[in-house]
Amino acid sequence: MNKSTNSISEFHPDHHGYYGMFGGAFIPEMLYRNVEELRTQYLQHMNDASFQKDFQDLLRDFVGRPTPLFYAKRLSEKYGTQIWLKREDLCHTGAHKVNNTVGQILMAERLGKKRIIAETGAGQHGVATATVCALKGLECIVYMGEKDMQRQAPNVARMRMMGAKVVPATSGSKTLKDATNEAIRDWINHPEDTHYIIGSVVGPHPYPDMVARFQSVISEEIKWQLKDATGNEEPTHVIACVGGGSNAAGAFYHFLESVSVELIAVEAAGEGVDSGKSAATTALGTPGILHGSKSLLMQTADGQVVEPHSISAGLDYPGIGPLHAHLHTSKRGKYLHATDEEALEAASELSRTEGIIPALETAHAFAVLKKMQWKPSDRVVICLSGRGDKDLATYMEKLK
Amino acid sequence: MNRLENLFQNKSKRVLNMYCTAGFPELNSTLEVMRSLQRHGADLIELGMPYSDPLADGPVIQESSAKAIANGMTIQVLFEQLKNFRNEISLPVILMGYMNPVLQYGFEKFCADAAACGIDGLILPDLPEYEYEKFYAPILKQNNLSFTFLITPETSAERIQKFDALSSGFLYAVSSSATTGSQQNNDGVEAYLKRLQSMKLNNPALVGFGIKDKASFNRACTYTNGAIIGTAYIQALNQGKSIDETTHVFITSITNNQYLF
């Protein structure tokens, strides 16, 4: 097999973007030139010293990295173990999403693109994209499901304040899947000047790999921060929530080959896995193709994509990145799920125990603390992917 | 030789390929639409298999697909509808759709069942040539099904030559990089079609996306073997008048010189 990267393992994609049986680039010819341009150039640019300098400088001075690894004392006592929180909620814009958009805006500049498009679910990726476009003075169009524009209104306002145009996606379930469809159609219609900043480890190759690499700074920092704190760079468990799976990919990245580190991904079960209103793709999905790659997909027996449900707009997606589909089927990762109700309880618990209000998405990761047996010697790292300001309206309504 | 190859052997100019969505406007109107298309002068029928997330399609075909799915259309239902269609339809018929529903049906079974019904070829826009060559080409060949690749103004000459070698039946020249039903920049389209014409390809080429009336049909036919009309016809069917009368008026407006303006 022809390999194009230098750090290949079974958890990194091959030349055609496959992680095991998942991945690839199932795109119409109209997208070929742009995707091929990216595929043949992304590693070269990312490995370039001047790119790395620009990227690291922005991560430090604009995003505010490194983000702290915070020992959650009261939460640790409650669960009888040692829990560290990777504070991605302290990134500029309030979530990990900006790690990727900073990288991709530098990529877009080097590809000579003048117009940026993005999809967004909770609005965090949209805000992070609008932010870097304002920073670089580039036109920004964000597609967002009409339903999500209502439930994440503060983020819509933030995007607009930074000069982005927010376009409602009105087809299907009017959520993240439909916003992604519209962004892809926009790219088809603007083949020459546009770069599509995908917000998760989904889409055609090379997006899943490129986004995972930009987010891998999360686990890179966890390693040295945990070593500073404990003398050991490896946690026993890393926990992260998964919609498409970008914060989980970043938090897992440098531990993929360390088999003693248990990787725990938490999907949104919505009103319950068997309720018909769920977004737990690994529990409900079968192999299929959506948004340009083969992965696990919630679909009918006839191959029509099922409309998912989650209280959190960022996890309300019927697919999952191909890396995660591979980690799940190869059993390298443990894929769990938490319901809307469990996520709300976990959000309340973290707020009152540690003084941190998490995003609804992030709250799903904390909900599994109750579902597992912990030992005092365990070193558990939870990726606190985003802050909860955007979800206050939901919290106020549901946590009366 | 299948019906598609036969068609292009007998007609190399002004070939009219009409697109319709299976199960639209009614679940059981598929055959009625096909009969009307044959009766009123289409040369080729491209039957769309509806998908929930049709990335290459604009709003009109998206909506017809959503309606067809709501009507109950599936690949299985479609093959039941098509079981005996060769008793009355002699035009070549190709199926257009997206990979996911075909994969769920089973690619080999899909090809075998399509061929058994009398289908002549496939268009699967999100099946790239790498996957096609590696996994799927032998299955199509085995079932004597043609496969049509899309080319766009951005497709390099080298890739066009490759698609020409891999395609059978015809090449689908997307008139601009766009989703179906988009507006066109006419000058750019002409330059691109002239370039295609000068390449002397083995396969005939039909122009699609943005062909909606006599003028755009004629322009496409100047440089290629014909054109594909979908969105404008679906819009006509959306008016809710009789399928046969709608189809008659529509095709006449495209092909009949007597009523020119």
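A salt bridge here is a side-chain nitrogen of Lys or Arg within 4 Å of a carboxyl oxygen of Asp or Glu. By that rule, two salt bridges cross the interface of chain A and chain B. The views below all come from a predicted model.

**Figure 1. How confident the predictor is, chain by chain and for the complex**. Chain A has an average pLDDT of 95, with 98% of its residues scoring at least 70. Chain B comes in at a mean of 93, and 96% of its residues reach 70 or more. For the complex, the predictor reports an ipTM of 0.93 and a pTM of 0.95. One stretch to treat with care is residues 1-7 of chain A, where pLDDT stays under 50. The model has 10 contacts beyond four places in sequence for that stretch.

**Figure 2. Where chain A meets chain B**. Here 34 residues of chain A touch 34 residues of chain B. Putting the two chains together buries about 2,800 Å², and carbon and sulfur atoms give 52% of that area. Look for A:Glu29, A:Met30 and A:Arg185: they supply 23% of what chain A buries against chain B, more than any other three residues. A:Glu29 also reaches across to B:Arg159 in a salt bridge, with N and O 2.7 Å apart.

**Figure 3. Helix H2 of chain B and what surrounds its buried face**. H2 of chain B covers residues 30-39. Which of its residues are buried? They are B:Thr30, B:Leu31, B:Val33, B:Met34, B:Ser36 and B:Leu37. An α-helix has 3.6 residues a turn, so residues three or four places apart point the same way. The buried residues of H2 in chain B pack against three strands, S1 (15-21), S2 (44-48) and S3 (93-96). They also pack against helices H4 (75-81), H11 (231-238) and H12 (243-255) of chain B. Just past the end of H2, B:Gly41 takes a positive phi of about 110°.

**Figure 4. A salt bridge within one helix of chain A**. A:Glu77 pairs with A:Lys73, and their closest N and O atoms are 3.4 Å apart. The two sit four residues apart in helix H3 (residues 73-79) of chain A, which means about one helical turn separates them. Are these partners buried or exposed? Both A:Glu77 and A:Lys73 are exposed.

**Figure 5. A salt bridge between two strands of chain A**. The side chains of A:Glu262 and A:Lys334 meet at 3.3 Å, N to O. A:Glu262 belongs to strand S10 (residues 262-270) and A:Lys334 to strand S13 (residues 333-339), so this pair ties together parts of chain A that are 72 residues apart in sequence. A:Glu262 has a relative accessible area of 27%, so it counts as partly exposed. A:Lys334, at 35%, is partly exposed as well.

**Figure 6. A loop tied to a helix, and a network of shared partners**. A:Lys370 forms a salt bridge with A:Glu345, the closest N and O atoms being 3.4 Å apart. A:Lys370 comes from the loop between helix H15 (360-367) and strand S14 (379-383), while A:Glu345 sits in helix H14 (residues 340-354), so the pair links parts of chain A that are 25 residues apart in sequence. A:Glu345 is partly exposed, with a relative accessible area of 40%. Elsewhere, salt bridges with shared partners join A:Glu29, B:Glu129, B:Glu133, B:Arg159 and B:Lys162 into one network. Over all chains, the rule counts 38 salt bridges.

**Figure 7. A nonpolar patch on the surface of chain A**. A:Ile357, A:Leu392 and A:Met396 make up a patch of about 290 Å². A:Leu392 is in helix H16 (residues 392-398) of chain A. At 39% relative accessibility, A:Leu392 counts as partly exposed.

**Figure 8. Two helix residues of chain A, A:Gln225 and A:Arg160**. A:Gln225 lies in helix H10 (residues 217-230) and is buried, with 9% relative accessibility. Leaving out neighbours within four places in sequence, A:Gln225 contacts A:Pro66, A:Thr67, A:Pro68, A:Leu69 and A:Lys86. A:Arg160 is in helix H7 (residues 153-161) and is partly exposed, at 47%. Not counting residues up to four places away in sequence, A:Arg160 touches A:Met149 and A:Val166.

Key. Residues numbered from 1 in each chain as written. Chains lettered and ligands numbered in written order. Predicted model: local features only at pLDDT ≥ 70, side-chain atom pairs only at ≥ 80, totals over all residues. Heavy atoms only, no water. Buried < 20%, exposed > 50% of the residue type's maximum accessible area, 1.4 Å probe, protein only. Contact = heavy atoms within 4.5 Å. pLDDT = per-residue confidence, 0-100. Patch = residues over 30% accessible without salt bridge, like charges linked within 9 Å, V, L, I, M, F, W, Y side chains within 5 Å. Areas by Shrake-Rupley, 256 points an atom, 1.4 Å probe, with all protein chains shown as cover. Buried area = accessible area lost by both parts, 1.4 Å probe.
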